[in-house]
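Here's a quick briefing to read alongside the model. Have a look at the chain first, then work through the points below.

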Amino acid sequence: MNIEAIDKAFVMGTYARNYTSFVKGVGSKLYSDDGSEFIDFASGIGVNSVGHGNEKLVEAICNQAKKIIHISNLQVIEPQAMLAKKIVELSGYDGKVFFANSGAEANEGAIKLARKYGKETNEHKKYKIITLANSFHGRTITTVKATGQNSFHDASFAPYPDGFKFVETIADIYEAIDDETVGVMLELIQGEGGVYAFDKDEIIALRAFLDEKKLLLIVDEVQTGIYRSGEFLASNFYGITPDIITMAKGLGGGVPIGAFMSRHKDILKAGDHGSTFAGNYLSCSAGLATLEILSELYDTHKLQETIKYFDEELNELLKDFSDIFESTSGIGLMRGIKVKQEYDVGAIVKACMKHQVIILKSGRNTARFLPSLTITKDEIDEGFSRVRIALNDF
Ligand SMILES: *Cc1c(COP(=O)(O)O)cnc(C)c1O
């Protein structure tokens, strides 16, 4: 049996899978089992933040694996403490960190913290969280409910937990708040919902309002965090101080890790929350190496140069294919290009794959680019030239 047949026979079919099988990656290039070379503009949905086969990251993982991989959170774990310190320092945020294993899990923890905060700081418990239309917060039963898209709330999986309400726009949040509302959870740049960046002034005004009402702002930075926006956190880019920030995708450079950080440092106490795997030696060592690589990229302004170059290429693409595309969107290296109604973005993603460049779909009609933050100019050039060839079929 070939790998496709084995996959189909033994793995649950929850993904609309492409059956190209990759065996090796170098930087932003991927090689399939038949030796074909692909340009990776997706970086594993924003996970491979430092590219494939990054020597520093691989070395850190191998060195740590030889010493100790896991021990449990009943013991202090040095790389976990150091990674928490590093996240706090790089964000300039006065908070404490809890480690999880994924984005959804980080959001679950943030929701628990918010609910306990809502109980402890009010006579009558506040627990409701307002989220936004077209958001995405994860696949667990609670984070799926928090996700502001009806298509995610399939009746097959009901009942869902109470306490979530989604509204269309930031302006709608104000009237949706009631006596039981504890806070708002949102992505500053919606990743799955069309690469849509909220207006900075609207976000700053919302933050000020929530502060005044002692309501929480939970920012889901699972996709926007870890330099994806060009700053360490998109919250830094927007110049706001959230109550809780969640992270995951790019943090471990490919090793599963999630985290949430809060300025309400001591709401969660011993026994309130936990995880068997999370924050172990391996994932936190990967996180430390990833942050070391990325903070250097940031400090030397190489990241800003890459962002500028990518932006120029994307806007050239828009200009040269204005019959297919409507506009570009997003911030940093989290970018989208909106496809006109008469074109099918899924078909464009497929055509790109055929021409050996990997891009993603976001929302109904946006092609999404989430390259590794270490991508080179040559790789960007090669990727865009392949996208252009693919578009000539349309
Ligand atoms: C990917 C994503 C999640 C879910 O992360 P998982 O690691 O798949 O659980 C949650 N929120 C946002 C904004 C995401 O992009």
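**Quick briefing**

S235 lies in helix 9, which covers residues 234-238; helices here are DSSP runs of H or I with at least four residues, strands are runs of E with at least two, and both are numbered from the N terminus. Keep in mind that this is a predicted model, where local features need pLDDT of at least 70, side-chain atom pairs count only at pLDDT 80 or more, and totals for chains, interfaces and linings use all residues. Residues are numbered from 1 along each chain as its sequence is written, and side-chain values use heavy atoms, with hydrogens and water left out.

**S235 and T131, two buried spots**

- S235 counts as buried because its relative accessibility is 1%; buried means under 20% relative accessible area, exposed means over 50%, and partly exposed is in between, using a 1.4 Å probe and protein chains only.
- Once you set aside neighbours within four places in sequence, S235 is in contact with L188, V219, E221, I240, P242 and I245, where contact means heavy atoms within 4.5 Å.
- T131 sits in strand 5, and with 1% relative accessibility T131 is buried too.
- Not counting residues up to four places away in sequence, T131 touches H137, A146, G148, K165, F166, V167 and M185.

**The chain as a whole**

- The chain has 13 helices and 17 strands.
- A compact globule of 394 residues would have a radius of gyration near 21 Å, and the chain agrees, with 21 Å; this radius is taken over C-alpha atoms, and the globule rule is 2.2 Å times the number of residues to the power 0.38.
- The C-alpha trace spans about 65 × 55 × 50 Å along its principal axes.
- Of the 394 residues, 49% are buried.
- Take the contacts in the chain with a separation of 6 or more: 71% of them come from residues 24 or more positions apart.
- About 18,500 Å² of the chain is exposed, and carbon and sulfur atoms supply 52% of that; the areas come from the Shrake-Rupley method with a 1.4 Å probe, and for residues only the protein chains shown count as cover.
- On the charge side, there are 43 positive and 54 negative charges, and their mean positions are 3 Å apart. Lys and Arg count as positive and Asp and Glu as negative, while His and the chain ends are not counted; each charge is placed at NZ of Lys, CZ of Arg, CG of Asp or CD of Glu.

**Cysteines**

- How many disulfides does the structure hold? Zero, going by a pair of cysteine sulfur atoms within 2.5 Å as the definition.
- The closest cysteine sulfur to that of C62 is in C284, and at 17 Å it is too far for a bond.
- From the other side, C284 is in no disulfide either, with the sulfur of C62 as its nearest cysteine sulfur, 17 Å away.
- Is each cysteine buried or exposed? C62 is partly exposed, at 39% relative accessibility, while C284 is buried, at 0%.

**Backbone oddities**

- For background, most residues other than glycine have a negative phi, and most peptide bonds are trans.
- The peptide bond from A158 to P159 is cis, with omega near 0°, and P159 is in the loop between helix 6 (141-146) and strand 6 (164-167).
- N134 is not a glycine, yet N134 has a positive phi of about 65°. You'll find N134 in the loop between strand 5 (128-132) and helix 6, partly exposed at 39% relative accessibility.
- V195 also has a positive phi, about 50°, although V195 is not a glycine. V195 lies in the loop between strand 8 (189-190) and strand 9 (196-197), and V195 is buried, at 0% relative accessibility.

**Long-range pairs**

- N54 is in the loop between helix 2 (43-46) and helix 3 (55-67), and N54 is buried, with a relative accessible area of 16%.
- N54 and I293 are 239 residues apart in sequence, with 9.4 Å between their C-alpha atoms.
- D320 belongs to helix 11 (residues 302-320) and is partly exposed, at 40% relative accessibility.
- D320 and I6 are 314 residues apart in sequence, and 43 Å apart in space from C-alpha to C-alpha.
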